[in-house]
Amino acid sequence: MFFIKSQSREDLVLRSSGNFYIKVCAIILIFIVSSCLAEIEVEVKEEFIPKAELLSYDDNVEPFSFVVLSDPHSSEGVRSGYEKFGNAREKFKLCLDEINKMKKTCSPEFVIITGDIHLWAVKDLVRDFELPVHVVAGNHESVKGKKELREFFPNDFKKDGKASDYYCFVHNKVRFIGICDAVTSDHVGYLSSETIRPFGQSVWLESELGKEEKIKVIFGHIPPEPNSADKNMWLSRNDSLFFNDLVKRTRPTMMFFGHQHNPKKLKVSGCDMYIVRSTSWNSGGIPIGFLVVSFQKDGVLVKEIIFK
């Protein structure tokens, strides 16, 4: 005769709990692995703007291309809905890798980043990147962050030979004007603040838009409100009034901003303004991506690179 020892209720509960825990861990592991292995698709949308539809252009422009990235938020972790792309640093690198692939086709000559880069998290990636990078501060860049940008990009952040949070550069006879309109922890933009150095940006901007180059491009973080309304996530009402009137009088060719994590194209005093999608996350789960802009003899080709 054989005797079988019966299991206690406690043993059964522990075994059941252990099995449940193993199953949950397995499901989580499968989800993580499948997310990492999920294929990333690249969609390209194109828009061509004939020179006749632009406020200003130069028939003798030497064709070239450049990239506009926005709001990398590079120190942030994995975000819900964007798991397969990894954390923000990995998404930023994804964009840089995609740009490197383009050298065989449209060959961008430099990259513009319109703020909220979190530079400390990607200094090595920017340093090792083969193309020149031009950035402006966003509202995520504190006073210390602005100083970090000035020190890391010493050739850009200068005005009359002195350190400045706003600057310009000329490429192929096209003037690029980088403004600083973001104040830390404020989603409304300003052209003047004790944290934007030096004072006098509005006078400087008006002077830059009066320079001899026929094509001028403005880039910044917080966009002007097209109707100069008093709204969150835009340049303040009074600054928008000034800015929009200045655009009307000086007729720049194009403008690029970020901040809103919601891509769109608008007209401001007749000028084409692009609010660029973030490379990290966007409202309502809108895909991440960036722009490639090509100045051609007969107009401008704008490509939107979208990761899905």
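**Aromatic pairs, salt bridges and helix α6**

In the predicted model, Phe-295 has a relative accessible area of 0% and is therefore buried. This residue takes part in one of the aromatic pairs, of which a search of the whole structure finds 20. The ring centres of Phe-64 and Phe-295 lie 5.5 Å apart and the ring planes stand at 45 degrees, so this pair is classed as tilted. Distant parts of the chain are linked by the pair, since Phe-64 belongs to strand β2 (residues 64-69) and Phe-295 to strand β13 (residues 288-296), 231 residues apart. Phe-64 is likewise assigned to the buried class, because its relative accessible area is 3%, under the limit of 20% for that class.

A second pair is formed by Phe-66 and Phe-176, whose ring centres are 5.1 Å apart; the planes meet at 85 degrees, so the arrangement is edge-to-face. The angle exceeds the limit for this class, which requires planes over 60 degrees apart. This pair also links distant parts of the chain, with Phe-66 in strand β2 and Phe-176 in strand β8 (residues 174-178), 110 residues apart. Phe-66 is buried, its relative accessibility being 0%, and for Phe-176 the relative accessibility is 0%, so that residue counts as buried as well. Strand β2 thus supplies Phe-64 to the tilted pair and Phe-66 to the edge-to-face pair. The four residues of these two pairs are also members of a cluster linked by ring pairs, which comprises Tyr-57, Phe-64, Phe-66, Phe-110, Phe-157, Tyr-167, Phe-169, Phe-176, Phe-219, Phe-256, Tyr-274 and Phe-295.

Charged side chains were examined next. Side chains of opposite charge can pair when their charged atoms come close. The count of salt bridges in the model comes to 20. In one of them, the side chains of Glu-47 and Lys-265 meet at an N to O distance of 2.5 Å. Glu-47 lies in strand β1 (residues 42-50) and Lys-265 in strand β11, so that the contact joins distant parts of the chain, 218 residues apart. Glu-47 has a relative accessibility of 27% and therefore counts as partly exposed; Lys-265, at 34%, is partly exposed too. Both residues belong to a network of salt bridges that also includes Lys-267 and Asp-272.

Another salt bridge lies within a helix. The side chains of Lys-101 and Glu-98 meet at 3.7 Å, N to O, and both residues are in helix α2 (residues 88-101), where they are separated by three residues, about one turn of the helix. The partners differ in accessibility: Lys-101 is exposed, because its relative accessible area is 56%, whereas Glu-98, at 14%, is buried. A further salt bridge joins Lys-211 and Glu-208, with N to O at 3.1 Å. Here Lys-211 is partly exposed, given a relative accessible area of 31%, while Glu-208 counts as buried at 5% relative accessibility.

A search for disulfides across the whole structure returned zero. The cysteines include Cys-168, which is partly exposed because its relative accessibility is 25%, and Cys-271, which is buried with a relative accessible area of 1%.

Helix α6 was considered in more detail. With 14 residues (residues 237-250) and 1.5 Å a residue, this helix should span 20 Å, and the computed separation of its end C-alpha atoms is 20 Å, which agrees. Asp-239, Ser-240, Phe-243, Asn-244, Leu-246 and Val-247 are the buried residues of α6. Around the helix axis they cover an arc of only 160 degrees and are therefore placed on the same side of α6. On the other side of the helix, Asn-238 and Lys-248 are exposed. The buried residues of α6 are covered by elements including α5 (201-208), β9 (215-219), β10 (254-257), β11 (264-268) and β12 (271-275). Among these covering elements is β11, the strand that holds Lys-265 of the salt bridge with Glu-47. The residue that follows α6 is Arg-251, with a positive phi near 55 degrees.

Methods. Residues are numbered from 1 along each chain as its sequence is written. This is a predicted model: local features need pLDDT of at least 70, side-chain atom pairs count only at pLDDT 80 or more; totals for chains, interfaces and linings use all residues. Side-chain values use heavy atoms; hydrogens and water are left out. Helices (H or I, at least four residues) and strands (E, at least two) are DSSP runs, numbered from the N terminus. The expected span of a helix is 1.5 Å times one less than its number of residues. Buried means under 20% relative accessible area, exposed over 50%, partly exposed in between (1.4 Å probe, protein chains only). The arc is that of the directions from the helix axis to the C-beta atoms. Contact means heavy atoms within 4.5 Å. A disulfide is a pair of cysteine sulfur atoms within 2.5 Å. A salt bridge is a side-chain nitrogen of Lys or Arg within 4 Å of a carboxyl oxygen of Asp or Glu. Rings of Phe, Tyr and Trp (its six-membered ring) pair if their centres lie within 6.5 Å; planes under 30 degrees apart count as stacked, over 60 as edge-to-face and the rest as tilted.
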